[in-house]
Amino acid sequence: MREPRTDACGDGVIDVVIAGAGPAGAAAATTLARHGARVVLVDPGSTPRWKPGESLAPRAGPLLRRLGALEAVAAGPHTPCLGNQSLWGAQTPGEVDFLSSPHGTGRHLDRAHFDRTLLDTARLAGARLRTGRIRAARRAGTHWQLSLDPGGGLRARYLIDATGAGARPARQAGATVVKTDRMVALTARLAYGTPGHAMPRTSLVESAPFGWWYTAPLPAGSCFVMAVTDADLVAGQALHRPDGWWRALQETTLLRGRLDRAAAALPSVLHVVRAATSCTVPAAAAGWAAVGDAATACDPIAARGIVTALATGIAAADAVHADAAGDPTALGAYAELVGASHAEFLRARLVCYGAERRWNTPFWKRRHPEAPPPPPGAVQSEGLRIPPRGIQ
């Protein structure tokens, strides 16, 4: 691709338009800009008042280093994640220690700050940011004609979908989103009631009859807690109400112990986000590619959301660069890579959920190999309002 420019392109055609400026879009933009492409990120630009946090695994380190963002992330307000603890399929906890990882420890993220760091990295590399949404995408010969909301349009040689699991631009390009389940996560940020309390620097997963719980400390004297289940099971457990959610939490073992020591209290509000598994087929074709959740959205039990976002963003950008340089196999190879990665996750998920046999309840029976899948017409819980996927 030609040398990066700060204007729109002399012929009115941008090399690559990326829909979405989250970690996947920012990773793709940074990589392409450094390849010499003229890149425009199109993003709504609205910042949520609160965004769920996540533990970033050590294996993200090499990806951040390639993007040139590792030092900036390390200098942020994030805190070390020393490992994972779980109570799953047994009465005794299991632990994974990150201290021996060749990539160092993981991180408990301030997600808003992390996302801004990646976007700043992309802009420093030469990518431009435009506020808006892609309303429609139409392929005209070798170019994309993109209609924007609140108005205007762009012409681009390539389009990258980084909009999340809905993958609307990819669907407009002819792809299909294949959904595996309809999981949701009901999340809260809980402040510590004990001044100066130090929560263990590990993430925690604990299974429960309705699904499972997850918690991780946040950098500013609080913790992130979420309950994960199927959308049609929420109302029966009253998990969409803070009091019902808190009552279910009191039935846990390790999680309740952590929160009791921190003197955490009942939350006043819950945030509900999609946590379903899906895959876009194909994840790339002539002139376009999907990245992050728009390519492969995995059940959060895998704890691979951000790593996958960074990896697919970089890989798709390399494929677009190779395609532009004359390699007709690059985008197809990327699509095959995404499909193989998603299939590997599905196999691993069967093993993971199959290890928990203590609960003879709908959530768990659906996830055992001999069980039938959930009904296709399962209705979402009464009163459940679900914004776009956000557990990243």
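**View 1. The open sheet β12-β18-β21 in the predicted model.** Three strands make up this open sheet, with antiparallel pairing in the order β12-β18-β21. Its edges are formed by β12 (176-179) and β21 (296-297), each of which pairs on one side only. Strands of a sheet pair through backbone hydrogen bonds, in a parallel or an antiparallel manner.

**View 2. The pairing of β12 with β18 and the cis peptide bond at Pro282.** β12 runs antiparallel to β18 (residues 278-281), and four bridges join the two strands. Thr176 is placed opposite Val281 of β18. The peptide bond from Val281 to Pro282 is cis, with omega near -10°. Pro282 itself belongs to the loop between β18 and β19 (284-285).

**View 3. Ala167 and Ala238, two loop residues with positive phi.** Most residues other than glycine have a negative phi. Ala167, in the loop between β11 (153-161) and α5 (168-172), has a phi near 50°. The relative accessible area of Ala167 is 1%, so this residue is buried. Ala238 lies in the loop that separates α6 (234-237) from α7 (242-249), and its phi is near 55°. With a relative accessibility of 8%, Ala238 also counts as buried, because the cut-off is under 20%.

**View 4. Helix α10 and its buried residues.** Helix α10 (residues 330-354) comprises 25 residues and, at 1.5 Å a residue, should span 36 Å. The C-alpha atoms at its ends are 36 Å apart, in agreement with that expectation. Buried residues of α10 include Ala330, Leu331, Tyr334, Ala335 and Val338. Further along the helix, His342, Phe345, Arg349, Tyr353 and Gly354 are also buried.

How values were computed. Residues numbered from 1 in each chain as written. Predicted model: local features only at pLDDT ≥ 70, side-chain atom pairs only at ≥ 80, totals over all residues. Heavy atoms only, no water. Pairing = 2+ DSSP bridges. Expected span 1.5 Å × (residues − 1). Buried < 20%, exposed > 50% of the residue type's maximum accessible area, 1.4 Å probe, protein only.
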